[in-house]
Structures are given as structure tokens and as C-alpha cells.
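Thank you all for coming. I would like to walk through one chain this morning, element by element, so please keep the model open while I talk.

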Amino acid sequence: MEYDLPPLVEKYDSALEIGYIDAGDPVAYELYLAALEEYKVDPVRQGVPAIFIGTTHLVGRNEIQNQLEFQVEKYTDRNGVLYPSLPGLEEYLASSSSVEIEISETGEAIHLLYFSQVGCQDCDRVKGDLNYLKSKYPQLVVDERDVRQDAKLAEWMGLRYGVSEDKRLTAPMVFIGDDYIPEEELEARTLEDLLLSYYETGAEPVWNDANLDNNGVTQSIVERFKAFGPATIVFAGLVDGLNPCAFATLVFFVSYLTISGRKGREVLLVGGAFTLGVFVAYMAVGIGFYNVLDMLGGVLAGLGKVIFGIMGAICLVLAVISFLDYLKARRGEIGEMALNLPHSLRMRINAVIRKSRNSQAFVAGAFATGIV
């Protein structure tokens, strides 16, 4: 009555009518029992608060929070639904004193600081939760920041709220009022529960007064990263470098060069160029190039769906042809298989491998491949 129904009444206005029955009243309790019988509610699911809408029975706050708005939307799309057909219900609602669901016209603003990071799937999930909560609670004001670009602010908030050092500068993370929610606890339910604790009082944006020029903030970040030490950074780089795709590409280059008659120095140059390309790409991502990709995210996502669709169709066709080739191979008809390169093209490929190629072209190609 206090937290969950007001936003729905405000959102749907006259389109939503809620009949309130106090089950503590003997006459009303008879209606409640009739509703349980009408909806064939199992004894283990009997209790209050309960909502009956259309053909659906919801019991308990969690079910009502999670499902009521969906049910309202569903019946709105179906041009509405009447009250349950219970003997005496309409007379009771008409005669009983009207119970108003109190709605705060504006409500105290609840300011929330949300730290995210580009390429973080959990951050995208939390952003979706926050968008849902903003639609449900209009007084919620979300200030989203990138934890890397606003590292000083993230550190200042961590120091102010007593966040442990291993959790600082991590995303996703939310700060609201005198509380914060770290990454491992961030979900729609914990967000809404915390939000409701500030429903009446509101929450000020304390970060607007942050003193980011304070040397203590910068020093705190520097000292923590110094504690990592060179060995930790090198080890992390080595672990991250265990990339099967990169190894497979290197093996391909080495095999190609060996078949072409190349010697050790040229193999090292090509391998070094490929590794340098990978390094340049990682460095570009680290200094901010990923933000450019993030801005193009919508375009890339749409293009990706088209490419996946086309490739899916091609793979399906190739799968059918491969199966037919398998049947031919079992019958010994190797020469009749469809998925063969033309003889002339195979001869050209063999000739290219045998002939000496320009070393600079190999090195440039390996560097470009490393970046890709």
C-alpha cells in the first residue's frame, strides 16, 4: 500500500482501479474465502497481502512486486478486465469507505551514483535494472559515471563510504544516501529495497561536494597500484596472453613460412610483427579506443545481427553439402565431393607457397593480422 501500489496508480491513472478489501472485517473475510475458492488457491499459497486480477492470483510482496505490473500491462493490451465474479463484491466495494492509495506528487528526489565500465556485461544488466526502477519511481535520479574516466571520484566515494581496497575502482557499483551496493550484491531486488529505504526522506547527491583535488585521493590510488609490483603486472599480462586464437594464428604463420623455405630470422620477424600488432591493439583499448567502439555500439550491434544471420544461413547450406559429401566418401566417390577447391586454384596456391615472397609483405601482413 505504501511503496508498491502508488507508482502503478500514478502510472496508469484512471485506467487502473483497485478494490481494497480489509480481510480483518468479517464480511470482507467471506469475500476473501470466496476468492480463494473461485481461484482454486492451494492452501500453501493462501495468505495476505493477496491480489486477484483476471485469472491470476498473487500472494506476498515479492510476487506482487515482480508480477503485478506485467499483469496490468497484459490486461491493458486486452482492453481491460473486470473484477473477479464474487457474490456481494460489487455491493461491498460500493458501500465500504473508499481507501485511497496515497501518491506523493513529486516525492523527495533520490539521487543515485552508478559506476559502470565499457564492455562490462554486468554493468549493462544493472543499467537495465536502473532504467526499470526509474520508470517505476519518477523521483529516482541516476548519475552514471565511467569508473575509469572518473577514477578520482570513485576513489573519493570509496574512501568516504569505507569500501574495502579490493572493491574500489570496480564496476558495477552503486552509491545512494549513506549506503552502497558492491558488484556481487547488485541486482534489481537489492536495488529496489535500498531505494525504498529512502522513499520518504530522499537522498542528496553528496558526490557533488567531492574534493577531487585532495592529494589524499590521488595518493590512495597511486599507493594501491604501487603495491601490485612489476611481477604482478607481468604475470597478469602473461595470463591474459594465453590466447588460443593468437597461438593458432602464430602456428599458421610459422607453418606457412617453413613450407616456403624461410629461415629463423624471418620467422622471428614475422612472429614479432604479429605480437607487436596485438600489443598495439591492447594498448589502444587501454588508453580509450574502446570508448569509440562503445559509441558505435548500436550500429555495430545492428550490423552484427545481419552478419550472424547471413553466416548462419551459409553454415546451414555448408552443413547439408558436407553431409552429402560424407555419404559420397563412404561410397568411395572422393572425386565427386562438392566441397573441393578447383584443381587450377589448388595448383596456384601450391605455387605461391613454393615461390619466395617479399619478406616485408609478410611482416606487414602479420602486424595487421595481430591488430585484427
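Let me begin with strand S1, residues 50–53, and strand S2, residues 56–59, which run antiparallel and are joined by 4 bridges; strands here are DSSP runs of E of at least two residues, helices are runs of H or I of at least four, both numbered from the N terminus, and two strands pair if DSSP finds at least two bridges between them. Before going further, I should say that this is a predicted model, in which local features need pLDDT of at least 70 and side-chain atom pairs count only at pLDDT 80 or more, while totals for chains, interfaces and linings use all residues. Residues are numbered from 1 along each chain as its sequence is written, and side-chain values use heavy atoms, with hydrogens and water left out.

Staying with this pair, S1 and S2 form a hairpin with 2 residues between them, and Gly-54 in the turn has a positive phi of about 60 degrees. Ile-53 stands opposite Thr-56 in S2. Phe-52, which is found in strand S1, counts as buried at 19% relative accessibility, where buried means under 20% relative accessible area, exposed means over 50%, and partly exposed lies in between, with a 1.4 Å probe and protein chains only. Which residues does Phe-52 touch, leaving out those up to four places away in sequence? They are Tyr-32, Ala-35, Leu-36, Tyr-39, Val-41, His-57 and Pro-84, contact being heavy atoms within 4.5 Å.

Just ahead of the hairpin, in the loop between helix H2 (26–38) and S1, we find Pro-49, and the peptide bond from Val-48 to Pro-49 is cis, with omega near 0 degrees. A second cis peptide bond joins Ala-171 and Pro-172, with omega about 0 degrees; Pro-172 lies in the loop between helix H6 (151–161) and S5. That loop between H6 and S5 also holds Leu-169, which has a positive phi of about 60 degrees although it is not a glycine, and which is partly exposed, with a relative accessible area of 22%. Asn-79 also has a positive phi, near 65 degrees; it sits in the loop between helix H3 (60–77) and helix H4 (89–95), and at 76% relative accessibility Asn-79 counts as exposed. As background, most residues other than glycine have a negative phi, and most peptide bonds are trans.

Now to the open sheet, in which 4 strands follow the order S4-S3-S5-S6 with mixed pairing. Strand S4 (140–146) and strand S6 (179–181) stand at the edges, each with a single partner strand, so one side of each is left without a neighbour in the sheet. The twist averages 20 degrees from one strand to the next, with axes fitted as lines to C-alpha atoms, for helices over the stretch in contact, and angles running from 0 to 180 degrees between N-to-C directions. Strand S5, residues 173–176, runs antiparallel to S6 and is joined to it by 3 bridges, and Ile-176 stands opposite Asp-179 in S6.

Two helices accompany these strands. Helix H5, residues 121–136, packs on the sheet, touching strand S3 (110–116) and S4, and its direction makes about 165 degrees with that of S3. Helix H7, residues 188–197, lies across S3, S4, S5 and S6, running at about 170 degrees to S6.

I will finish with helix H12, residues 297–330, where Met-311 lies; Met-311 is partly exposed, with a relative accessible area of 41%.
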